[in-house]
Amino acid sequence: MTKPYVFIGFDTEDPINPEADDVLLRLAQTYSKAGIPACFFMVGEKARLLRSRGRKDVLSALRDHEIEYHGNYWFEYPEPALVYGNRDPWDQAVQKGRAIETPGLQDVAEITGQFPVATCQHQNNHSPATTHAMQQSGVKVWNGGLGAKLDGIGWVMNLFTVGRHSRTVSSQGSWGSFQFDPDQPNRRPPKMDPKAELANFQQRFDAQLETGTTHINILGHPTCWAMAEWWGWYDWSAAFRHASLDGAPGPYPQGRQWDRGVTRTRADIDAHFEWTAAAARWLARRKDINVTTFADALAEHADPPGAWLTDSQIRSVARQILKRLDHTRVGKTTLSAADALYVLAQHVRFMLAEHRRPEHTQIRRTIGPVEEVYTPSKEIRFKRQNLLVASRHLVEYANASGRLPHTLRLHGIDCGPGELLVALAQMVAAEKLPDFVTVQPTVGVPLCVSMDCFSKATAGSSHATPGYTPTQIHLQGRLQSWSYRPAVKK
Ligand SMILES: [Zn+2]
């Protein structure tokens, strides 16, 4: 039994209150002292603020830990991902994602001296197009998800996905009940009880561990160690409609003050740090967990690039697909249904080009379709020529656009990627290339679509307009079941 991973994550995002920078420094030092790594999900805006405030001390202390990415902005989005990703056509949305997020990613890399290994969207303000843009920009790990729980650890859209949903234990303890009262302007939250907080944390952690989980995210926001209330609380929930944005939430109305928040008392802050340090030592001592970074977890699962499959491995993929239209296992790796379609098509395309069977076919990872897939109404009889031409189309399409097509027209035969996958599997599994293969309509997605992560794919955030419905994001998230494969530990 492998030990569950424990990631100590901090969404590092308050660019308003300087007190939040001081506790960020203290948190980094606390985990350094305990000898365990923490993972700081840095907002671009926050990293730039640390630079402008001259916080070399904070940035140096963070070098002991792993830096991740938490979006370029927190409030001041040119446009939130869940808005453009729900409205724009895929390529346009991916471009927008790159235009907004790549500069932030580069800023975080330069300011902290570490290129972010992992990303996580704030709340569920995401879209599959934005996630794809992050992957194209060099991020390898996704500590977020498509808006619902992922079973275990797996690959989704070519990102090593270590989900957050229902796998978090808060490191903030009982923080969060204080409300500012103008009639009592000097009131502060009472001092935390470090003993009770630690016991409560340990109990919550053990309860999560007992579920037999692959990993636990211990999650906190550094600002909460300094501030009594959520920063920006009085300025952040008023998305308003701007005519030019077609109903999308636009910039905030003039009049936003960025009021400084209420700070916790010194004694209260110290009490929180007291049990944070005790919890860190407790975690560091445990032999039944693996407190680690996303880079190390990735290294234990990543496949060497450019792996080849033999002819018999390709046939094994084809036979597995015929039994079960889903991800497959081959050699020491797994193939998503999308990867399988690509390698089978590449294999058959080689036959068309070279007039012989290939001895090796290289794996190419690709993502699923992004538009509603075409589903034929009755069985399809493919001629061999249809499948030869389809293979070439499929390979060229995936090479050019990095994803599967949602529909194909093959000399008068229309099909979706599901029917093509089954047809190619029949063709490749046969000893001799058949003249015809007959395929029943598929449901258009692999069986793993039943996982919550895909069937309940959604988006949502305090940045969305009232009544926001993530129709396109749900569709595209559901279709990424094509890109799913379980992670295999080396
Ligand atoms: Zn966040």
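## Close-up views of a predicted model

**View 1. Arg365 sits in the loop between strand S14 (360–362) and strand S15 (380–383).** This is a predicted model. Arg365 is partly exposed, with 19 other C-beta atoms within 10 Å. The cut-off for a buried residue is 20 or more such atoms, so Arg365 does not reach it. Which residues does Arg365 contact, leaving aside its neighbours within four places in sequence? They are Asn158 and Asp339. Met157 also belongs in this view. Its C-alpha lies 8.8 Å from that of Arg365. Along the sequence, Arg365 and Met157 are 208 residues apart.

**View 2. Asn158 lies in the loop between strand S6 (153–156) and strand S7 (159–162).** Is Asn158 buried or exposed? Asn158 is buried, with 21 other C-beta atoms within 10 Å. The backbone deserves a look here. Most residues other than glycine have a negative phi. Asn158 has a positive value, near 65 degrees. Asn158 is also one of the contacts of Arg365 from View 1.

**View 3. His411 occupies the loop between strand S16 (408–410) and strand S17 (413–415).** Phi of His411 is near 50 degrees. That is again a positive value in a residue other than glycine. His411 is exposed, with 9 other C-beta atoms within 10 Å. The cut-off for an exposed residue is 12 or fewer, so His411 meets it.

**View 4. Domain 1 (5–299) and domain 2 (308–444) touch through a handful of residues listed by count.** On the domain 1 side, 5 residues are in contact with 4 residues of domain 2. What classes of residue does domain 1 bring to this contact? The side of domain 1 that touches domain 2 has 3 nonpolar residues, 2 polar and no charged. The C-alpha centres of domain 1 and domain 2 lie 41 Å apart.

**View 5. Asp14 is found in the loop between strand S1 (5–12) and helix H1 (19–34).** Asp14 is buried, with 27 other C-beta atoms within 10 Å. Beyond its neighbours within four places in sequence, Asp14 contacts Ala20, Lys46, Thr223 and Trp231. How many Å separate the C-alpha atoms of Asp14 and Glu379? The separation is 57 Å. Along the chain, Asp14 and Glu379 are 365 residues apart.

**View 6. Helix H5 (residues 90–112) packs against helix H6 (residues 128–136).** The angle is about 55 degrees, and the axes are 8 Å apart. That angle makes H5 oblique to H6. H5 passes H6 in a right-handed crossing. H5 contributes Trp90, Ala93, Val94, Gly97, Arg98 and Glu101. From H6 come Ala129, Thr130, His132, Ala133, Met134 and Gln136. By class, the contact of H5 with H6 has 6 nonpolar residues, 4 polar and 2 charged.

**View 7. Helix H11 (residues 337–354) packs against H12.** Their axes are 8 Å apart, at an angle of about 125 degrees. H11 is therefore oblique to H12. Which hand does the crossing of H11 and H12 have? The crossing is left-handed. On H11, the contact uses Leu341, Tyr342, Ala345, Gln346, Val348, Arg349 and Leu352. On H12, the partners are Leu387, Leu388, Ser391, Arg392, Leu394, Val395 and Ala398. The contact of H11 with H12 has 10 nonpolar, 2 polar and 2 charged residues.

**View 8. Helix H12 (residues 384–401) also meets helix H13 (residues 417–429).** The axes of H12 and H13 come within 11 Å. They cross at roughly 120 degrees. H12 and H13 are therefore oblique to each other. H12 passes H13 in a left-handed crossing. H12 supplies Leu387, Ala390, Ser391 and Leu394. H13 supplies Leu420, Ala423, Leu424 and Met427. How many charged residues are in the contact of H12 with H13? There are no charged residues, alongside 7 nonpolar and 1 polar. Leu387, Ser391 and Leu394 of H12 appear here, and they also appear in the contact with H11.

Note on methods
Residues numbered from 1 in each chain as written. Predicted model: local features only at pLDDT ≥ 70, side-chain atom pairs only at ≥ 80, totals over all residues. Domains from an automatic or database assignment. Contact = placed C-beta atoms within 7 Å. Nonpolar A, V, L, I, M, F, W, Y, C, P; charged D, E, K, R; others polar. Axes fitted to C-alpha atoms, helices over the stretch in contact; angles between N-to-C directions. Helix = DSSP H or I, 4+ residues; strand = E, 2+ residues; numbered from the N terminus. Parallel < 35°, antiparallel > 145°, perpendicular 65-115°, else oblique. Left-handed = near helix turned anticlockwise from the far one by under 90°.
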